[in-house]
Amino acid sequence: MPDLRVLVLGGTTEGRALAGRMPVISSLAGRTSAPLLPPGEVRIGGFGGVDGLVRYLREALIDAVVDATHPFAAAMTDHAARACPAAGVPLLVLRRPGWTARPEDVWHRVPSLAAAADVVPALGERVFLTTGRQSIAAFAALDGCWFLSRSVGPPAPPVPRRLEVVLDRGPFSLEAERELLRTHRIDVLVTKDSGGATAKLEAARALRIPVVMVDRPPLPAGVPTAATVDEAVRWVGQLG
Ligand code: NAP
């Protein structure tokens, strides 16, 4: 492995896995009070937009950046795609693949959280929201629905009038997901197309519960991408 200073934009399983494979500086946004810390050096907090990131890359003498942020962390990904060329630093986007529906699935693909909120009332009254605490506001006006929301941290207002919050962090087993859907008599599951662990989708399939699947924001044009941690390790390896 070449002796490079690699910055990993993290906050994901992939970011932590990459930090376990080679010495890197991991960056976290600092959103959660008890983050899962990757091994090795970690910095926490925003950079201050594109200009702040350019400054950081120069001052910290960064040789390469792997953007391993969550597929829905679009602002950070956009900033990295603009800052890295400005600082002359190579960038790779590491993105786990999205999910694909099986023939027996009933998925409604929508382009945004607002579009998800538009289709939910027609699909059922009892809604399981797994889109993260920052996404709940999009459903705040749906007084006709009851919501079960699961997130790592508590949601901030505005929230729906009829809301039960479960604070939990995955991974979740298929059996536990089925039990949760059954106990709360869930009619419809709302999720981002995050990719990765599929237990909630398998549970919805088994119980024939429709899924509202929010599509990923597009990736910046012209940036190389990797789908796995192995590919990202190889990309860094060929830089030296
Ligand atoms: P975002 O909307 O793309 O980013 C907003 C701002 O937060 C960025 O402009 C940047 O601030 C700061 N930021 C984001 N990721 C950062 C990182 N890894 N290191 C340093 N600063 C970062 O991001 P988000 O959706 O709020 O996600 C925040 C973090 O949570 C990310 O690390 C992401 O991987 C993780 N996460 C997000 C989701 C999700 O559904 N969005 C799910 C699981 C985990 P400055 O402009 O000041 O640099």
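## Where the two domains meet

Let's start at the domain interface: between domain 1 and domain 2 there are 5 residue pairs in polar contact, with both residues at pLDDT 80 or more. A polar contact here is a pair of N or O atoms within 3.5 Å; within protein, one must be able to donate a hydrogen and the other to accept it, and residues adjacent in sequence count only if both atoms are side-chain atoms. This is a predicted model, in which local features need pLDDT of at least 70 and side-chain atom pairs count only at pLDDT 80 or more, while totals for chains, interfaces and linings use all residues. Residues are numbered from 1 along each chain as its sequence is written, and side-chain values use heavy atoms, with hydrogens and water left out.

Domain 1 covers 6-96 + 218-239 and domain 2 covers 107-214, with bounds from an automatic or database domain assignment. Their C-alpha centres lie 28 Å apart. The contact (heavy atoms within 4.5 Å) takes 8 residues from domain 1 and 10 residues from domain 2. Together the two domains bury about 710 Å², 55% of it on carbon and sulfur atoms; buried area is the accessible area (1.4 Å probe) that two parts lose on being put together, summed over both. On the domain 1 side, Arg31, Phe72 and Arg96 supply 60% of the area buried against domain 2, more than any other three residues. The rule finds 0 salt bridges across this interface.

## The sheet S3-S2-S1-S4-S5-S12

One open sheet has 6 strands in the order S3-S2-S1-S4-S5-S12, with parallel pairing. Strands pair if DSSP finds at least two bridges between them; helices (H or I, at least four residues) and strands (E, at least two) are DSSP runs, numbered from the N terminus. Strand S3 (41-44) and strand S12 (225-226) each have a single partner strand, so one side of each is left without a neighbour in the sheet. Strand S4 (residues 64-67) and strand S5 (residues 91-94) are joined by 3 bridges, and valine 66 stands opposite leucine 92 in S5.

Two helices pack here. Helix H2 (residues 49-59) touches strand S1 (6-9), strand S2 (25-28), S3 and S4, at about 150° to the direction of S1. Helix H3 (residues 74-87) touches S1, S4 and S5, at about 160° to S5. Axes are lines fitted to C-alpha atoms, for helices over the stretch in contact, and angles run from 0 to 180 degrees between N-to-C directions.

## The sheet S6-S11-S10-S7-S8-S9

Another open sheet, also of 6 strands with parallel pairing, follows the order S6-S11-S10-S7-S8-S9. Its neighbouring strands are turned by 20° against each other on average, direction ignored. Strand S10 (residues 188-192) and strand S11 (residues 211-214) share 4 bridges, and valine 190 has valine 212 as its bridge partner in S11. Helix H4 (residues 113-123) packs on this sheet, making about 170° with the direction of S11.

## A long-range salt bridge and some backbone details

The whole structure holds 12 salt bridges, each a side-chain nitrogen of Lys or Arg within 4 Å of a carboxyl oxygen of Asp or Glu. Arginine 205 pairs with aspartate 105 in this way, the closest N and O atoms being 2.7 Å apart. Arginine 205 lies in helix H6 (residues 199-206) and aspartate 105 in the loop between S5 and S6, so the pair ties together parts that are 100 residues apart in sequence.

A cis peptide bond joins proline 157 and proline 158, with omega about 5°.
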